[in-house]
Amino acid sequence: MAHVILTVRDFAKARAFYGALLPFLGLTPVVDGAEYYYCVGGRTALGIRPASGAHARESFSQERSGLHHLCFRLRSREDVEVAHEFLVAHGAKIVHPPEEGPWAPGYFSVLFEDPDGIRLEVNHVPGRGLLEPGARRGE
């Protein structure tokens, strides 16, 4: 995936949140303007921009058509634990603390929300995850 752009209600709050989170995750800010913040990582990028007009009052919903959540892959379980500490220290709403999940062998994640309530996740899946021979159901 090349990039994802998120539209946010309160750009100042979102800029402060993502301005801390994205560099922490290893992404480098390349555009930091009054209405656009964009960071690039090794193989992908993430940007935020303000909602326009009447949409600026609408809140995010996972149940609506569009984005459900966005997940960042980390290199180790320890990185997930460190990310959790970072998120708590920066006031992120934690949906669930570090825990294992059934989605792939060794799946370990933290689920949280940005200031607009957009669901985000950091996870670690060891090895090749579901691409390992026999890892998918039915193999």
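Trainee: How many bridges join β1 to strand β4, and do the two run parallel or antiparallel?

Mentor: This is a predicted model, in which local features need pLDDT of at least 70 and side-chain atom pairs count only at pLDDT 80 or more, while totals for chains, interfaces and linings use all residues. Residues are numbered from 1 along each chain as its sequence is written, and side-chain values use heavy atoms, with hydrogens and water left out. Strands (E, at least two residues) and helices (H or I, at least four) are DSSP runs numbered from the N terminus, and two strands pair if DSSP finds at least two bridges between them. Here β1 and β4 (residues 45-50) run parallel and are joined by six bridges. Within β4, arginine 49 is the bridge partner of threonine 7.

Trainee: In what order do the strands of this open sheet stand?

Mentor: The order is β1-β4-β3-β2, four strands with mixed pairing. The edges are β1 (3-8) and β2, each of which pairs on one side only. On average, neighbouring strands of the sheet are turned by 20° against each other, direction ignored. For such angles, axes are lines fitted to C-alpha atoms, for helices over the stretch in contact, and values run from 0 to 180 degrees between N-to-C directions.

Trainee: Which strands does α1 touch as it packs on the sheet?

Mentor: A contact requires heavy atoms within 4.5 Å. Helix α1 touches β1, β2, β3 and β4, and its direction makes about 170° with that of β4.

Trainee: In what sense do β2 and strand β3 pair?

Mentor: They pair in the antiparallel sense, over four bridges, with β3 covering residues 37-40. One of the bridge pairs is valine 31 with tyrosine 38 of β3. The connection from β2 to β3 is a hairpin of four residues.

Trainee: How is a salt bridge to be read, and to what does the count come?

Mentor: Side chains of opposite charge can pair when their charged atoms come close. The rule applied is a side-chain nitrogen of Lys or Arg within 4 Å of a carboxyl oxygen of Asp or Glu. By this rule the count is five salt bridges. One of them joins the side chains of aspartate 32 and arginine 15, at 2.7 Å from N to O. Aspartate 32 lies in strand β2 (residues 28-32) and arginine 15 in helix α1 (residues 11-24), so this salt bridge ties together parts that are 17 residues apart in sequence.

Trainee: What relative accessibility does aspartate 32 have?

Mentor: Buried means under 20% relative accessible area, exposed over 50%, and partly exposed in between, with a 1.4 Å probe and protein chains only. Aspartate 32 is partly exposed at 48%, and arginine 15 is partly exposed at 23%.

Trainee: Which residues are joined into one network by salt bridges that share partners?

Mentor: Consider first the pair of glutamate 113 and lysine 93, whose closest N and O atoms are 3.7 Å apart. Glutamate 113 lies in strand β7 (residues 108-113) and lysine 93 in strand β6 (residues 93-100), so the pair ties together parts 20 residues apart in sequence. Glutamate 113 also forms a salt bridge with arginine 119, at 2.7 Å from N to O. Both glutamate 113 and arginine 119 are buried, the former at 11% relative accessibility. Through shared partners, Lys93, Glu113 and Arg119 form one network.

Trainee: Is serine 109 buried or exposed?

Mentor: Serine 109, in strand β7, is buried, with a relative accessible area of 1%. A polar contact is a pair of N or O atoms within 3.5 Å; within protein, one must be able to donate a hydrogen and the other to accept it, and residues adjacent in sequence count only if both atoms are side-chain atoms. The side chains of serine 109 and glutamate 121 make such a contact at 3.4 Å. Beyond its neighbours within four places in sequence, serine 109 is in contact with residues including His96, Pro98 and Val122.

Trainee: Which backbone atoms lie by the side chain of histidine 124?

Mentor: Histidine 124 lies in strand β8 (residues 119-124) and is buried at 12% relative accessible area. A polar atom of its side chain lies 3.2 Å from the backbone oxygen of arginine 75, and the backbone nitrogen of serine 76 lies 3.4 Å from a polar atom of that side chain.
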